[in-house]
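Thanks for making time this morning. I will go through one structure by its annotated residues and then turn to its nonpolar cores.

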Amino acid sequence: MSASVTVRVPAKVNVQLAVGAARPDGFHDLANVFLAVGLYDEVTVTPSPDGLRVTCDGPDAGQVPLDRTNLAARAAEALAARYGRTPDVHLHIAKDIPVAGGMAGGSADGAAALLACDALWGTHASREELLDICAELGSDVPFSLVGGAALGTGRGEKLRPLDVGGVFHWVFAMAERGLSTPAVFREFDRLGEGTDIPEPVASQPLLDALAKGDPDALAAAVSNDLQPAALSLFPELAGTLAAGRAAGALTALVSGSGPTTAFLARDPESAVKVAETLRSSGTCRAVRTASGPAQGATVLSAQNRHGIST
Ligand code: C5P
């Protein structure tokens, strides 16, 4: 059996986020087109005789909860409960995905911890079982496991993989503070009060643009129904979006529930240019480039108790 397993897991951007009316359970039906992008967290799991514990390092580590509310801890507990064992592991998160940023960083850590514990414990859960646990943990967690590109329906957890015919080049601007996903959905409800909210449906031109790998067509088709709500709670994001557009991005949008803003570039060179301009614009905290699609949660390495890679 291994004594340590490391899993790498990507962030996501939603190239379409169509949101329906609030359901009786408080969630919203979605047509959610996820694209995994190459900004990664790594979760390393090792046995811990003192019981479950979580540590984290990285620029945003101070904002990551280290208690049982962390999705990585909840993933370990959920898998352990299914297999009648104790979740006696140390989960270390090397965090590069922005925290509370609308890029599924917490969900990513949940999916990574699940895969890592499965490998460490040799539980050999089936893909379906892992996806079931992911869906219990949160709406975005199944996609973090799967990666690539996918259409999420229901509350986002029912996935259909999508073909992507090329690499898309993105720039991401991290904001000065986070936004709470439930708060953004509540603001969506408030802004929509008294209006007729249509059923969410995936955009065919958008799916075609992904399949062709055509950045101009994708730029013309992206949409995010949560963007007005995110902007209402965080009006300064409008300045970041405008700065990226002015710098030559093909399109600019809020990523998921925000506040990270996403800018699509035609090629890697123009992504670097947009990133440089955004960095000097004074409208954001940090800027990163990343391309997608990226592979879902992946076991990077497993070491036995003697520290030898297996
Ligand atoms: O599923 P997850 O725990 O990540 O969702 C966080 C919150 O986002 C939910 O509690 C809910 O307020 C909101 N949400 C929603 N509809 C969805 C997904 C999330 O209202 N489809």
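Lysine 12 has a long contact list once residues up to four places away in sequence are set aside: Phe34, Leu35, Ala36, Val37, Gly102, Met103, Ala104, Asp140, Phe143, Ser255 and Gly256. Please keep in mind that this is a predicted model. Lysine 12 sits in strand S1, which runs over residues 2-22. Is lysine 12 buried or exposed? Its relative accessible area is 5%, under the 20% cut-off, so lysine 12 counts as buried. Its side chain also has a polar contact, at 2.6 Å, with the side chain of asparagine 14.

Now the annotation. The unreviewed UniProt entry puts the feature "active site" on Lys12 and Asp140. These positions are spread over 129 residues of sequence, yet they cluster in space, with a largest C-alpha distance of 9.2 Å. Both Lys12 and Asp140 belong to the lining of the largest pocket.

Where is aspartate 140 placed? Aspartate 140 is in the loop between helix H3 (127-137) and helix H4 (141-146). Beyond its neighbours within four places in sequence, aspartate 140 is in contact with Lys12, Asn32, Phe34, Ala104 and Ser107. Phe34 and Ala104 are also contacts of lysine 12.

Next, the other annotated stretch. The feature "binding site", again from the unreviewed UniProt entry, is given for Pro98, Val99, Ala100, Gly101, Gly102, Met103, Ala104, Gly105, Gly106, Ser107 and Ala108. Which of these residues does the lining of the largest pocket include? The lining has Pro98, Val99, Ala100, Gly101, Gly102, Met103, Ala104, Gly105, Gly106 and Ser107.

I will take two residues from that stretch. Proline 98 is in the loop between strand S4 (89-94) and H2. Proline 98 is buried, because its relative accessible area of 4% falls under 20%. With residues up to four places away in sequence left out, proline 98 touches Leu39, Asp60, Met103, Met174 and Thr260.

Glycine 102 also lies in the loop between S4 and H2. Its relative accessibility is 14%, so by the 20% cut-off glycine 102 is buried. Setting aside neighbours within four places in sequence, glycine 102 contacts Lys12, Asn14, Ser255, Gly256, Ser257 and Gly258. Ser255 and Gly256 were in the list for lysine 12 as well.

Ser255 and Gly256 come up again with asparagine 224, whose contacts outside four places in sequence are Leu17, Leu253, Val254, Ser255 and Gly256. Asparagine 224 is found in strand S8, residues 223-224, and it is buried at 8% relative accessible area. Its side chain reaches the backbone nitrogen of leucine 226 at 2.8 Å.

Last, the cores. The largest nonpolar core has 71 residues, and those touching the most other members are Val89, Leu91, Trp170, Phe172 and Leu218. Helix H2, residues 105-121, supplies the largest share of this core, 10 residues. Why does the core lie between domain 1 and domain 2? Because domain 1 (4-162 + 299-303) and domain 2 (168-292) both contribute residues to it. There is a second, separate core of 29 residues, including Leu17, Phe263, Val274 and Ala275. Leu17 is also one of the contacts of asparagine 224.

That is the end of my part.

Conventions: Residues numbered from 1 in each chain as written. Predicted model: local features only at pLDDT ≥ 70, side-chain atom pairs only at ≥ 80, totals over all residues. Heavy atoms only, no water. UniProt positions renumbered as here; feature names shortened; annotations may be inferred. 1 Å grid on protein atoms, 1.4 Å probe; cavity = no way out; pocket = protein on both sides within 12 Å on 5 of 7 lines; lining within 4 Å. Helix = DSSP H or I, 4+ residues; strand = E, 2+ residues; numbered from the N terminus. Buried < 20%, exposed > 50% of the residue type's maximum accessible area, 1.4 Å probe, protein only. Contact = heavy atoms within 4.5 Å. Polar contact = N/O pair within 3.5 Å; in protein donor to acceptor, adjacent residues only side chain to side chain. Core = buried A, V, L, I, M, F, W, Y, C linked by side-chain atoms within 4.5 Å. Domains from an automatic or database assignment.
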